[in-house]
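Me: Walk me through the pockets and the ligand in this model. Keep the answers short.

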Amino acid sequence: MNQNEKYAAIHYHSYLGLDKVLDAQHPRSGQYGKEAHDETLFIIIHQVYELWFKQIIHELESLVGLFEADAVDEKNIGIAVSRIERINEIFKLLIHQIDVLETMTPLDFLEFRNFLFPASGFQSAQFRKTEVMLGLKMAQRFSYQEKPYYNQLSAEQQEEIKDLESRRSLFELIEDWLERTPFIKCEGFSFIDEYKVAIAKMIERERQAIETNEYLSPEERTARLTMLGANGEFFQQVLDPAIHAQKIADGHVRISYDAMIAAVMIHVYRDQPILQLPYRLLDAITTMDELMTSWRYRHAQMVMRMLGKKSGTGGSAGFDYLMETVKKHQIFKDFHHISTLLIPRGDVPQLPDSLKRDLSFYYSTK
Ligand code: HEM
């Protein structure tokens with residue numbers, strides 16, 4: 001829009017739709033007798049959550065759009081990082097909001113809990129949308145009462161969720177983007193071959209350090225050497241495409257082999273200027289996953305405090321169900337495991353000069 005164009009004046013109140021927003025709190029306890037003082041807090045906290053979920057979905061839609069292109073415009077990686085960082089700041093707020101809710105005591109909650117049945121967080125379509133857009137798959141979910149999770153949503157919301165399930169999630173789009181990473185294999189340099197050699201050297205050095213350490217007893221030395229042997233085997237196994245494929249088939253790993261190797265490479269060479277932003281992107285996604293898990297855990301702890309072992313208004317086992325989701329509903333778990341494959345900077349293979357130049361900001365006056 002042209003900034004010089006004439007446009008209608010608007011009042012703060014109507015711009016923000018405050019008539020609707022501020023008229024949307026209707027404590028049910030008041031409708032059935034004496035109003036429970038804390039029910040307003042309970043309603044407002046949930047409404048604020050839903051508003052923030054809306055903002056998170058807005059950011060996720062834009063992220064999916066940026067990564068849906070076959071070749072992601074490199075200029076967009078910086079935008080993607082800042083949008084994920086925004087989501088992360090929102091998640092921190094969402095976690096902190098539970099402190100406000102916990103100023104309500106379990107006894108105060110009981111003043112109006114009966115009026116809520118069978119309303120539950122289970123029916124938050126926006127929360128489900130967020131999970132699906134990030135990449136939580138049906139098969140990975142911990143199901144309760146053997147019913148699909150979207151059963152509790154309206155027919156229209158179910159259609160929307162099923163449609164989202166059939167589209168590529170952020171997890172899959174980031175995986176595709178990683179698989180397309182150039183530089184992993186180029187003339188005179190194969191990252192994976194060099195990395196395997198570097199790991200073998202590092203393990204050999206550690207072996208020698210154990211064998212020559214005079215402070216270790218023979219038993220301790222044997223135990224440490226055994227551990228080191230297992231460690232070396234672990235590295236070689238993880239870096240083997242056939243074993244990786246088996247781990248995917250067994251459900252222990254989700255990310256493809258090529259995407260994982262690209263992620264390791266981005267981590268170890270992140271000081272190269274061109275890899276800085278991809279590294280920050282992976283780091284921000286890992287933080288997002290961690291924050292979402294922290295929210296799940298914090299919510300479960302609060303539920304334990306409010307309800308003890310009572311079942312939820314949505315029909316689940318309550319705390320026990322929620323703790324299962326903490327363990328099973330992590331979406332980017334593989335990104336956390338990248339750390340297992342990292343080796344100290346001093347052991348990382350040297351890049352050939354030509355590749356180093358390609359990974360730098362190169363400016364020529366010619
Ligand atoms: C007194 C406060 C709260 C209690 C006692 C509570 C309790 C529960 C329980 C027991 C469940 C499991 C489902 C069920 O059987 O109902 C649940 C799920 C859920 N709650 Fe809460 N909740 C509270 C506050 C909140 C708030 C403030 C939010 C923010 C939106 C929220 C969002 C959710 C969501 C999204 C789920 C689904 C989780 C999943 O299936 O992974 N809850 N809640």
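Reply: A pocket here is an open set of grid points where a 1.4 Å probe fits, with protein on both sides within 12 Å along at least five of seven lines. Its volume is the space filled by probe spheres set on those points. The model is predicted.

Me: What is the volume of the largest pocket?
Reply: Take the space filled by probe spheres on the points of the pocket. For the largest pocket that volume is about 1200 Å³.

Me: Which helix supplies the largest share of the lining of the largest pocket?
Reply: Helices H4 (39-68), H5 (75-101), H7 (125-134), H14 (273-307) and H15 (319-328) each supply at least two lining residues. The lining has 42 residues, and His46, Ser120, Gly121, Phe122 and His299 lie nearest the centre. The largest share is eight residues, and it comes from H4.

Me: How many residues in the lining of the largest pocket are charged?
Reply: Nonpolar residues number 21 in this lining, and polar ones 14. The charged residues number seven.

Me: Where does the ligand sit?
Reply: The residues closest to the ligand are Ser120, Arg128, His299, Ser316 and Tyr321. Two of these names, Ser120 and His299, also appear among the residues nearest the centre of the largest pocket. The test for sitting in a pocket is that more than half of the ligand atoms lie within 2 Å of its grid points. The ligand sits in the largest pocket.

Me: Which helix gives the most to the shell around the ligand?
Reply: The ligand is surrounded by 29 residues. H4, H7, H14 and H15 each supply at least two of the shell. With seven residues, the top contributor is H14.

Me: Which residue has a side-chain N or O atom 2.9 Å from a nitrogen atom of the ligand?
Reply: Polar contacts count within 3.5 Å. Ser120 places a side-chain N or O atom 2.8 Å from a ligand oxygen. Gly315 uses a backbone N or O atom, 3.4 Å from a ligand oxygen. The contact to a ligand nitrogen at 2.9 Å belongs to the side chain of His299.

Me: How many residues of the shell around the ligand are charged?
Reply: The shell divides into 16 nonpolar and eleven polar residues, plus the charged ones. The charged count is two.

Me: How much space lies in the second largest pocket?
Reply: This pocket is lined by 14 residues, with Gln140, Gly251, Val253, Arg254 and Lys333 closest to its centre. H15 and helix H16 (333-337) each supply at least two of the lining. The lining holds four nonpolar, four polar and six charged residues. The space is about 340 Å³.

How values were computed:
Residues numbered from 1 in each chain as written. Predicted model: local features only at pLDDT ≥ 70, side-chain atom pairs only at ≥ 80, totals over all residues. Heavy atoms only, no water. 1 Å grid on protein atoms, 1.4 Å probe; cavity = no way out; pocket = protein on both sides within 12 Å on 5 of 7 lines; lining within 4 Å. Helix = DSSP H or I, 4+ residues; strand = E, 2+ residues; numbered from the N terminus. Nonpolar A, V, L, I, M, F, W, Y, C, P; charged D, E, K, R; others polar. Near = heavy atom within 4 Å. Polar contact = N/O pair within 3.5 Å; in protein donor to acceptor, adjacent residues only side chain to side chain.
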